[in-house]
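Reader: I am new to this structure and would like to learn how to read its features one at a time. Could you show me the model, so that we can begin with a single residue and work outwards?

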Amino acid sequence: MKLFIDTANIDEIKKASELGIIDGVTTNPTLISKVSKISKDTDKKSDFKDIIKKICDIIDGPISAEVISLDSETMIREAIELAQIHKNIVIKIPMCSQGLKAVKYLKTKNIKTNVTLIFSAQQALLASKAGASYVSPFLGRLDDIGQTGLILIKDIVDLFLAQNIKTEIICASIRNPIHVIDCGKLGAHIATVPYNILNQMIEHPMTSIGIDKFLKDWNN
Ligand code: E4P
């Protein structure tokens, strides 16, 4: 199972990268807005590109950068610009008709895409048919509204297995360490994990108690 880090915070990405267990990065406009200080529209774009470039210099793996337009032509223009930043860039495109059109076109240009905001297996199927390299089902946001996000992950995993679909599943909107393990057990390819959850995955109270005891016994 591959682990991506779900953040645009360079410090967090550096620290996670040093662990040697991170295979890629996902960002979205919300995550970018948390780290960018720029408010003027003209400078926003270049700051966004600078952040993405910095991420590419740290992690050698797929780096998702999201388009912000809603029509396929502008999405494609944005995607081509972003793809020029680095060979590892994957264009994140929201699930919608215009997005599917853009994905289909970008596939012919060998530009990888990650179709985001997936909330049903049928959306995942359409994205894969358009030629998406990745789909991102959001399980936490389903849990938030009282539905079971893991059922969506299972549906997509089962469908892709039954139909031999090669699009990789990035489990997104992860809210806790158990989500990661459940997604792995279901056979999803990737979980994209916020930095705080990565740290929760490292720690266990019994491990800390064990380390303390070993050190105490050694010193005595
Ligand atoms: C990742 O690709 C998504 O953008 C992200 O996981 C969304 O998470 P959220 O529901 O916590 O915003």
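Reader: Does L106 count as buried or exposed, and at what relative accessibility?

Author: Please keep in mind that this is a predicted model. Buried means under 20% relative accessible area. L106 has 0% relative accessibility, and therefore counts as buried.

Reader: Where is the place of L106, and which residues does L106 touch, not counting residues up to four places away in sequence?

Author: L106 belongs to helix α5, which covers residues 97-108. Leaving aside residues up to four places away in sequence, L106 touches I76, A79, I80, I93, I111 and T113. One can also compare sequence with space: L106 and A130 are 24 residues apart along the sequence, while their C-alpha atoms are 9.6 Å apart.

Reader: How many residues of strand β4 are buried, and which of them point one way and which the other way?

Author: Six of the six residues of β4, residues 89-94, are buried, so this strand is largely enclosed by the rest of the structure. I89, I91 and I93 point one way from β4, whereas V90, K92 and P94 point the other way, and all are buried.

Reader: Which strands are joined to β4 by bridges, and how do they run?

Author: Strand β3, residues 63-66, is joined to β4 by four bridges, and the two run parallel. Within this pairing, A65 stands opposite I91 of β4. Between these strands the chain passes through helix α4, residues 72-83, in a β-α-β crossover that is right-handed. Four bridges also join β4 to strand β5, residues 113-118, and these strands run parallel as well. Here the bridge partner of I91 is T113 in β5. Together with helix α5, strands β4 and β5 make a right-handed β-α-β unit.

Reader: What describes two packed helices, and at what angle do α8 and α9 pack?

Author: Two packed helices are described by the angle between their axes and by the distance between those axes. In this model, helix α8 (residues 149-162) packs with helix α9 (residues 177-186) at an angle of about 25°, and their axes are 10 Å apart. Because angles under 35 degrees count as roughly parallel, α8 is roughly parallel to α9. Their crossing is right-handed. The contact is made by L150, I153, K154 and V157 of α8 together with D182, C183 and L186 of α9.

Methods
Residues are numbered from 1 along each chain as its sequence is written. This is a predicted model: local features need pLDDT of at least 70, side-chain atom pairs count only at pLDDT 80 or more; totals for chains, interfaces and linings use all residues. Side-chain values use heavy atoms; hydrogens and water are left out. Buried means under 20% relative accessible area, exposed over 50%, partly exposed in between (1.4 Å probe, protein chains only). Two strands pair if DSSP finds at least two bridges between them. A crossover is right-handed if, with the strands pointing away from the viewer, the path from the first strand over the helix to the second runs clockwise. Axes are lines fitted to C-alpha atoms, for helices over the stretch in contact, and angles run from 0 to 180 degrees between N-to-C directions. Angles under 35 degrees count as roughly parallel, over 145 as roughly antiparallel, 65 to 115 as roughly perpendicular and the rest as oblique. A crossing is left-handed if the near helix is turned anticlockwise from the far one by less than a right angle, and right-handed if clockwise. Contact means heavy atoms within 4.5 Å.
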